Amino acid sequence: MNQTYGIVAVTAAVLATLVIGAAGLRISRTTSDFYVASRTVPPHLNAMAISGEYLSAASFLGIAGLVVAQGLDMLWFPVGYAAGYLVLLVFVAAPLRRSGAYTLSDFAESRLESKAARRVASVLVVGVGWLYLLPQFQGAGLTLGLVTGAPGWLGGVLVAVVVTLAVAAGGMRSITFVQAFQYCLKVIALLVPALFLVLAWLGDPRPVAALDEPPAFREQTRVTVEHTVRVRIQEPLTVGVTGTVDGARHDGDPVALGTGVHEITGGTTLRFPPKARVPQRESDAGPREGASSWAAPLSGGRDAHPLYTTYGVIVATFLGTMGLPHVLVRFYTNPDGRAARRTTVIVLALVGGFYLLPPLYGFLGRIYAPDLVLTGNTDAAVLVLPERVIGGVGGDLLGALVAAGACAAFLSTASGLTLSVAGVLSQDVLPSLGVRHFRLATLIAVAVPVTVSMAAGGLPVANAVGLAFAVAASSFCPLLVLGIWWRGLTAPGAVAGLLTGGGSALTAVALTIAGPFSDGWAHTLLAWPAVWTVPLAFGTMILVSLATRNRIPAGTDLVMARLHLPEERRAEEPSVRFRPVSNTREAREAQETRQAVPGPRRAEHDAAHGPDPGT
């Protein structure tokens with residue numbers, strides 16, 4: 001990739017983010033603007049903003065990388081990411097907006113009348129947010145490293161600074177416009193190069209079958225292995241070696257490698273002849289056999305238990321979307337429940353259209369960038385394809401456009417995650433209210449994950465996001481589904497389920513990242529925990545709630561009516577009617593500000609600013 005073009009493109013994306021964020025500062029005047037954009041975002045704009053923050057580095061880079069490395073089984077990731085919004089539409093979107101809460105912690109406390117439930121939910125919101133932020137900073141390091149040659153940690157730090165400035169400047173009102181712009185940029189950045197890539201592939205006089213296993217180099221190829229790796233060779237191969245293979249040092253001389261496993265030391269450069277088969281990394285050389293197993297269902301990928309792995313992806317992605325704090329917080333910005341449903345329908349269309357593109361890059365990456373399978377850097381497939389396939393100035397320009405889109409991907413998602421985590425920290429951790437402490441919470445929300453990302457950068461981007469989905473599905477999915485649709489849920493049941501399901505998933509994630517189990521059923525169960533942690537959470541919540549029937553909150557019927565009655569019907573019911581407010585602009589803004597403050601802290605707010613003007 002041409003570094004000059006790439007730097008200009010990434011700089012333009014960053015500057016656009018800062019300019020739009022700064023413009024939002026001019027119209028963000030109240031606390032309600034910072035937290036929920038005064039609940040006035042129309043469905044089409046909110047849908048673009050949700051799509052912008054949802055389509056993260058895992059969607060832009062990681063899906064194509066997984067398809068390159070592990071085959072078409074990985075298409076369950078984009079299917080699940082998109083289908084999760086269908087589940088969200090059916091079960092959660094409108095009732096959650098009618099709840100009047102701002103965060104999942106607010107919902108837990110208002111539905112269950114329990115401070116303990118709020119505290120546990122707050123911890124899990126921060127945990128999921130930080131876990132999801134890790135791959136965003138990892139993707140930033142990968143992209144900026146390819147574009148500028150800078151070390152990976154610098155990209156993560158740069159994104160952290162930009163996100164902090166954008167979020168702290170204008171809050172939700174500002175980020176809404178930023179994320180809508182970034183969605184448009186991401187679609188254009190994948191769609192335009194994809195058209196040229198497909199045309200180049202159709203006109204290629206030497207097409208190579210992407211279904212071959214293992215793939216083959218199209219021409220003489222030089223590959224530098226950055227980290228020591230063990231590879232399996234299925235047929236004898238002669239390669240040029242500069243470095244160390246199997247403990248022997250070579251200086252550019254040809255080396256005959258027989259069938260079997262060989263160790264390549266980090267920093268070694270290999271020169272492969274045309275049509276040579278790509279050696280498989282030992283960690284990938286699992287159950288696959290045959291010429292077309294890359295495209296075969298349940299071919300296994302990197303796991304010896306492919307059917308369980310597939311169900312793990314499906315459960316985590318289908319149910320995890322409704323538990324992502326940065327997604328749910330956007331539904332509170334809609335004017336009412338009907339607008340929340342319309343927003344979700346539009347998001348389904350926008351996200352579904354986007355997810356047609358990354359698998360195409362994965363297919364082409366298998367043909368034109370097979371060396372990434374050897375180096376393990378398959379997340380870079382989207383970034384390197386324009387240069388590999390088209391070349392010249394055109395390839396450089398398209399590569400720069402893709403780099404700008406990748407920058408928008410991790411900026412938009414990191415902004416939404418930072419906003420949701422900062423909201424919880426400013427309300428439940430920091431001692432005071434107000435915009436000043438929201439900005440301080442923003443610094444904390446970014447500092448922790450960017451620090452951790454420097455030490456834990458070996459996990460594939462899409463897999464890291466999959467772990468965050470598993471934790472969300474195991475904790476907030478049961479809380480929301482049972483809290484909205486079952487009046488029998490009690491605070492002890494909810495707390496027990498959150499601790500059991502969310503705690504088990506977090507433990508599995510920690511063990512997966514630490515890596516004490518590298519294979520076998522222990523590794524599979526920990527790497528894809530949603531299959532057992534989600535039923536565990538649901539079962540625990542139901543059983544403990546049944547055992548504590550006497551703890552059902554006294555106001556449950558009123559809360560359930562508020563969740564399920566449309567706003568126009570609720571206005572006719574005195575028991576669930578909103579309090580009247582004055583028509584003056586000052587009174588409306590004062591009430592919006594007060595409603596943005598979580599219930600338990602409104603007394604503190606009233607003491608400082610006066611009570612709700614509608615009372």
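Trainee: How many disulfides does the count come to?

Mentor: The count comes to 0 disulfides. Keep in mind that this is a predicted model. A disulfide would need a pair of cysteine sulfur atoms within 2.5 Å.

Trainee: Let's stay with the cysteines. Why is Cys477 called buried or exposed?

Mentor: Buried means under 20% relative accessible area. Cys477 has 1% relative accessibility, so Cys477 counts as buried.

Trainee: And what makes Cys184 buried, partly exposed or exposed?

Mentor: The middle class runs between the 20% and 50% limits. Cys184 comes out at 33% relative accessibility and therefore counts as partly exposed.

Trainee: Good. Where does Ser99 lie, and why does Ser99 count as buried?

Mentor: Ser99 sits in the loop between α6 (93-98) and α7 (104-112). Its relative accessibility is 13%, so Ser99 counts as buried, given the limit of under 20%. Leaving aside neighbours within four places in sequence, Ser99 is in contact with Phe107, Tyr332, Arg562 and Leu563.

Trainee: On to the strands, then. How do you know that β3 and β4 pair?

Mentor: Pairing takes at least two bridges between two strands. Strand β3 (residues 237-245) and strand β4 (residues 248-257) have 8 bridges, in the antiparallel sense, so the rule is met. Leu237 stands opposite Leu257 in β4. The hairpin has 2 residues between the strands, and Asp246 there takes a positive phi near 55°.

Trainee: What makes β3 and β6 a pair?

Mentor: β3 and strand β6 (residues 268-272) share 3 antiparallel bridges, so they pass the cut-off of at least two. Gly240 stands opposite Arg271 in β6.

Trainee: How many residues of β3 are buried?

Mentor: In β3, 7 of its 9 residues are buried, which leaves the strand mostly covered.

Key: Residues are numbered from 1 along each chain as its sequence is written. This is a predicted model: local features need pLDDT of at least 70, side-chain atom pairs count only at pLDDT 80 or more; totals for chains, interfaces and linings use all residues. Side-chain values use heavy atoms; hydrogens and water are left out. Buried means under 20% relative accessible area, exposed over 50%, partly exposed in between (1.4 Å probe, protein chains only). Helices (H or I, at least four residues) and strands (E, at least two) are DSSP runs, numbered from the N terminus. Contact means heavy atoms within 4.5 Å.
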